[in-house]
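Q: I should like to learn how to read individual features of a structural model, taking one feature at a time. May we work through an example together?

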Amino acid sequence: MLLLLALTWGNSFLFIKLAVSAFPPLWVVTLRMTIGGLLLVLVGIALRRKLPRDPKMLGALAFVGLSGSALPWAGQAWAQQFLDSGLLSVLNSCTPVATLALAVAVGQERLHRNRVLGLATAISGTLVVIRGEIGAGRSALALVVAVLATTGYAFASVYTRAKISGKITPLPASATQLCIGAAALAPGAWAVYGPPPAPTTVPPLALGAVLMLGLFGTGVAFLMYFTLIERVGATNTSMVTYLVPIVGLSSGAVVRHERFGPNVFIGALLLVSGVWLAQKRPAG
């Protein structure tokens with residue numbers, strides 16, 4: 001299941017790249033969240049899981065849906081108009097680093113030697129990737145947006161740990177936050193881009209990419225992620241972080257013939273090594 005999750009999330013960047021060729025970025029994210037959220041709602045109904053009704057909990061889930069899904073996904077989708085899918089999968093590896101840094105800042109985690117070294121290594125890897133890509137003529141703004149998008153995941157993770165964990169089971173929580181996020185994004189997407197393109201006017205490849213992104217890259221991926229946490233724990237599940245860039249780079253190279261300079265691979269190695277080191281507790 002861990003490998004399947006890595007394949008699903010790793011290929012999500014390819015699906016986004018294919019989707020933004022025909023859909024505006026905000027509509028890609030809105031449709032993704034709608035499809036994934038409805039799938040989780042149907043699974044919840046089948047399993048007789050009740051959706052939350054408490055206003056405070058709904059407010060908390062709305063914040064997580066916006067900060068942890070809608071806004072970072074929108075940023076990454078916008079950036080993928082200018083950047084290759086494999087590159088985004090590498091930059092997405094900044095998520096654990098941003099999460100740890102924010103958790104330390106708010107007092108949820110403590111710094112120790114390995115975490116300091118890990119954070120420094122991961123940051124250096126990010127700079128190696130960005131500097132090399134800017135030198136190759138990539139959009140500096142798109143690169144910055146792609147990295148900053150991961151801070152949204154960090155805010156959502158830290159907030160979930162403080163306000164939501166233990167108060168509601170993951171399935172209804174995920175279904176609710178996705179549906180709320182989709183409802184919040186839809187008016188903005190309509191205002192900026194008008195109605196979404198009619199399915200009959202969209203190339204089959206782009207339409208299939210949106211469906212795959214919503215069903216598998218969002219709905220099924222969330223189910224696998226929380227199932228893994230329940231079965232093998234959060235630490236073991238976090239190993240997916242090391243596999244996603246490999247899948248993303250591979251699928252981009254095979255399907256879209258994306259090619260990258262050594263800076264991307266060196267940076268990816270530094271990023272993943274930094275994440276591993278930061279999660280490793282010092283002996284004794």
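Q: How is the exposure of a residue read, and does Arg281 count as buried or exposed?
A: This is a predicted model, and exposure is read here from relative accessible area, with values over 50% counting as exposed. Arg281 has a relative accessibility of 58%, and therefore counts as exposed. The residue lies in the segment after helix 11.

Q: Which residues is Arg281 in contact with, leaving aside its neighbours within four places in sequence?
A: Contacts of this kind are read from heavy atoms within 4.5 Å. For Arg281 they are His112, Asn114 and Arg115. By contrast, a separation of 35 Å lies between the C-alpha atoms of Arg281 and Asp84, which are 197 residues apart along the chain.

Q: How would the same reading apply to Phe63, and where does Phe63 lie?
A: Phe63 belongs to helix 3, which spans residues 55-79. Its relative accessible area is 37%, so Phe63 is partly exposed. Beyond the neighbours within four places in sequence, Phe63 is in contact with Gly68 and Tyr159. The C-alpha atoms of Phe63 and Met212 are 25 Å apart, with these positions 149 residues apart along the chain.

Q: Turning to the interior, which residues touch the most other members of the largest nonpolar core?
A: A nonpolar core is read as a set of buried residues joined through their side chains. The largest one here has 34 residues, and those touching the most other members are Leu5, Leu83, Leu87, Val90, Leu91, Leu143 and Val264. Several helices each supply at least two residues of this core, among them helix 1 (2-19), helix 7 (140-163) and helix 11 (262-279). A second, separate core has 29 residues, including Leu14, Ala77, Ala175 and Phe222.

Q: What surrounds Leu143, apart from its neighbours within four places in sequence?
A: Leu143 is in contact with Leu83, Leu87 and Leu91, and also with Ile130, Glu133, Ile134 and Arg138, when its neighbours within four places in sequence are left aside.

Q: How many aromatic pairs does a search of the whole structure find?
A: Aromatic pairs are read from the distance between ring centres and the angle between ring planes. The search finds six pairs. Trp9 and Tyr225 form a tilted pair, 5.4 Å centre to centre with 50 degrees between the planes. This pair links distant parts of the chain, since Trp9 is in helix 1 and Tyr225 is in helix 9, 216 residues apart. Tyr225 counts as partly exposed because its relative accessibility is 28%. Trp27 and Trp190 form an edge-to-face pair, 6.2 Å centre to centre with 70 degrees between the planes. Trp27 lies in helix 2 and Trp190 in helix 8, so this pair ties together parts 163 residues apart in sequence. Trp27 is buried, at a relative accessible area of 5%.

Q: Which residues form one aromatic cluster, and what sits over the ring of Trp73?
A: Trp9, Phe222, Tyr225 and Phe226 form one aromatic cluster. Over the ring of Trp73 sits the charged end of Arg32, 3.6 Å from the ring centre.

Q: Finally, how is a pocket read, and how much space lies in the second largest pocket?
A: Rolling a probe the size of a water molecule over the atoms shows where empty space is left. The second largest pocket holds about 220 Å³. It is lined by 13 residues, of which Cys94, Val97, Ala98, Ile123 and Val147 are the closest to its centre. Helix 5, helix 6 and helix 7 each give two or more residues to this lining, and helix 6 gives the most, with five.

Conventions:
Residues numbered from 1 in each chain as written. Predicted model: local features only at pLDDT ≥ 70, side-chain atom pairs only at ≥ 80, totals over all residues. Heavy atoms only, no water. Core = buried A, V, L, I, M, F, W, Y, C linked by side-chain atoms within 4.5 Å. Buried < 20%, exposed > 50% of the residue type's maximum accessible area, 1.4 Å probe, protein only. Helix = DSSP H or I, 4+ residues; strand = E, 2+ residues; numbered from the N terminus. Phe/Tyr/Trp six-rings, centres within 6.5 Å; stacked < 30°, edge-to-face > 60°. Lys NZ or Arg CZ within 6 Å of the ring centre and 35° of its normal. 1 Å grid on protein atoms, 1.4 Å probe; cavity = no way out; pocket = protein on both sides within 12 Å on 5 of 7 lines; lining within 4 Å. Points joined across faces, edges and corners; volume = space filled by probe spheres on them.
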